[in-house]
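Reader: I should like to examine one part of this structure closely, together with the side-chain interactions around it. Please consider the material below before replying.

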Amino acid sequence: MTTAILGGGLSGLTLARLLHERGEEIIVLEAEPQIGGLCRSRKDRGFTFDTGGSHIIFSKDDEVLAFMRRMIAGNEQRNDRNTKIYYKGRYVKYPFENGLYDLPEEDRFFCINGFIRTLIAVEKGEVPPPKNFREWIAYTFGDGIAGCYMVPYNEKIWKYKTERMSHHWVDGRIPRPPVGDIIKSAIGIKTEGYTHQAVFSYPLDGGIEALVTAIAGPVQSWIRTGFRVTSLKRDAGGWLIGNGKATVRADRVICTVPVQHLLPCLDDVPEDVTAACRALVYNSLVCVNIGIRGPVPEISWMYIPDKTLGMTNRLSFPSNFSRHTAPEGCSAILAEITHQPGDEVSRMSDRELTGEVLAMLEKMKICTPGQVIVSSVERQPFAYVVYDLDYQKNIRVVQDFCRSQKIPLVGRFAQFEYLNMDACIRSVMDFVASYPRD
Ligand SMILES: Cc1cc2nc3c(=O)[nH]c(=O)nc-3n(C[C@H](O)[C@H](O)[C@H](O)COP(=O)(O)OP(=O)(O)OC[C@H]3O[C@@H](n4cnc5c(N)ncnc54)[C@H](O)[C@@H]3O)c2cc1C
């Protein structure tokens, strides 16, 4: 009995490894010449950049974190997070609500006043429960934090109006910060937020791809790259999986590729399912990699809510995660720009994108164009799931259909959920635990 795993990103490779470890026969079919999906890295004249955006290893899930750290054992650098928000020319400690002391006085007042007034109003029952993401932000943090940071940053990364987004994914998961922490943060007493990420790991050598390469180690011989699945047909209780040139036969199929790629492979998909899938919203990503001579600020990564500064929503400094990602005396910078498929950003040339990022870096006094040694641009069509207001309705239609076809969906764009690496691995572990043995 052979199980075909569609997609050789982190989810597909972890599935392959765990099923192989329990004695199953598997084959991984990956479209690209290289495995890893969003967790690939690129080496360029002594610099290493993650091509699906800057990645770090962290988790609240002890079992998953232990698994990831075991995979990079002997090649791990542990780092203390030093993350900032670039706000009106200042570096504000991240998360924003823990960095209020770094704000200009007027903004600090606006944020603390808004937080406390909202808290009182909520406790008196004067504020109705939120109906969308924007209302949830104001309900949880108050108008000040919402207006200064949360709304502008979220609209910059999601490329979507927050009032047109659902809040189901944050509701209950992100609690309102304790009022004591907000007051401490506003008067300059140190507090930490998102503490499960305060210390993170990164491979010393090889970028984040070192993690997926290690996971794939024992199953290398069962991975077929350059195989873009274009058809899935039932055959005598199993499946015939084609790429237009060759066909692979398998008894079972597990999908880790985007549902937008899966459905066109199947015959007779009902129109309502196709329409629901088409309506799912996602963002693409451009990464501009810059290798420079000289230092960068000792910051892990930085959020940039201000639209007028540039298109970049996040800047990372991989050479602060591992010294091996840049040659001696040099530093690595990775700028992430999210965008909608087919929009103006997707039509910009690599040169225009690099020029835009360099102009921003110069304005921020991070580096000058004269310091640049290498630069490159990477594009990822599927980067972020966007939870619009119709998301839950549409994804249910797609999932129900795939369940009826007995095609399990595992992974970020197969499940079509905002899953980080740890959540993908958790999904895989749970899936394998319930997957019938052959
Ligand atoms: C900017 C950014 C930063 C991130 N940072 C972090 C972080 O710091 N920490 C963290 O834990 N997570 C982070 N993540 C999330 C992480 O990248 C994902 O959770 C993880 O990589 C998803 O793996 P996957 O295998 O589910 O999907 P993917 O990586 O998308 O893999 C899917 C694979 O399927 C292949 N495929 C597609 N279509 C076909 C087809 N028709 N036939 C065959 N193969 C096909 C693709 O080529 C790809 O290899 C980040 C994501 C982004 C976008």
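How many of the 13 residues of strand S14 (residues 281-293) are buried? Please start from that strand and then follow the connections to its partners and to the side-chain pairs elsewhere.

Author: The model is a predicted one. In strand S14, which covers residues 281-293, 12 of the 13 residues are buried, so the strand is largely enclosed by the rest of the structure.

S14 has pairing partners that can be named. With S18 the strand pairs in the antiparallel sense, over 11 bridges. Asn-289 illustrates this pairing, its bridge partner in S18 being Ser-376. With strand S17 (residues 330-339) S14 likewise pairs in the antiparallel sense, here over 10 bridges. In that pairing, Ile-292 has Ser-331 of S17 as its bridge partner.

Strand S18 leads on to side-chain interactions. Phe-382 and Phe-413 have ring centres 5.4 Å apart and planes at 65°; because planes over 60 degrees apart count as edge-to-face, the pair falls in that class. Phe-382 belongs to strand S18 (residues 372-386), whereas Phe-413 is in the loop between helix H10 (391-404) and helix H11 (421-434), so this pair ties together parts that are 31 residues apart in sequence. Phe-382 has a relative accessibility of 11% and therefore counts as buried. Phe-413 is buried as well, with a relative accessible area of 6%.

S18 also contributes a charged residue. The side chains of Arg-379 and Asp-350 form a salt bridge, with an N to O distance of 2.6 Å. Since Arg-379 lies in strand S18 and Asp-350 in helix H9 (residues 350-363), the contact ties together parts that are 29 residues apart in sequence. Arg-379 is partly exposed, at a relative accessible area of 37%, and Asp-350 counts as partly exposed at 38% relative accessibility. Strand S18 thus holds Phe-382, which is buried, and Arg-379, which is partly exposed.

The aromatic pair at S18 may be set beside others. The count of aromatic pairs comes to 26. One of them joins Phe-47 and Phe-49, whose ring centres are 6.1 Å apart and whose planes meet at 10°, so this pair is stacked. Phe-47 and Phe-49 are both buried. Aromatic rings also take part in arrangements with charged side chains. Arg-164 lies over the face of Tyr-160, 4.6 Å from the ring centre. Arg-176 is placed over the face of Tyr-139, at 5.2 Å from the centre of that ring.

The salt bridge of Arg-379 can be placed in a similar context. Across the whole structure, a search finds 27 salt bridges. Lys-131 and Glu-135 are linked by one, at 3.7 Å from N to O. Lys-131 counts as exposed at 60% relative accessibility, while Glu-135 is partly exposed, with a relative accessible area of 31%. Lys-190 and Glu-192 form another salt bridge, with an N to O distance of 3.8 Å. Here Lys-190 is exposed, at 68% relative accessibility, and Glu-192 is partly exposed, at 37%. Salt bridges can also join several residues: Asp-61, Glu-63, Arg-426 and Asp-430 are linked in a network of them.

A further set of strands offers another view of antiparallel pairing. S10, S11 and S12 form an open sheet of three strands, in the order S10-S11-S12, with antiparallel pairing. Strand S10 (231-235) and strand S12 (247-250) are the edge strands, each pairing on one side only. Neighbouring strands in this sheet are turned by 25° against each other on average, direction ignored. S10 pairs with strand S11 (residues 238-242) in the antiparallel sense over five bridges, and Ser-231 stands opposite Gly-242 in S11.

Finally, a residue of strand S1 touches the end of this region. Thr-2 lies in S1, which covers residues 2-6, and at 19% relative accessibility Thr-2 counts as buried, because the cut-off for that class is under 20%. Apart from neighbours within four places in sequence, Thr-2 is in contact with Glu-25, Ile-26, Ile-27, Ala-250, Asp-251 and Arg-252. Among these, Ala-250 falls within the residue range of S12 (247-250).

Key. Residues numbered from 1 in each chain as written. Predicted model: local features only at pLDDT ≥ 70, side-chain atom pairs only at ≥ 80, totals over all residues. Heavy atoms only, no water. Phe/Tyr/Trp six-rings, centres within 6.5 Å; stacked < 30°, edge-to-face > 60°. Buried < 20%, exposed > 50% of the residue type's maximum accessible area, 1.4 Å probe, protein only. Helix = DSSP H or I, 4+ residues; strand = E, 2+ residues; numbered from the N terminus. Lys NZ or Arg CZ within 6 Å of the ring centre and 35° of its normal. Salt bridge = Lys/Arg side-chain N within 4 Å of Asp/Glu carboxyl O. Pairing = 2+ DSSP bridges. Contact = heavy atoms within 4.5 Å. Axes fitted to C-alpha atoms, helices over the stretch in contact; angles between N-to-C directions.
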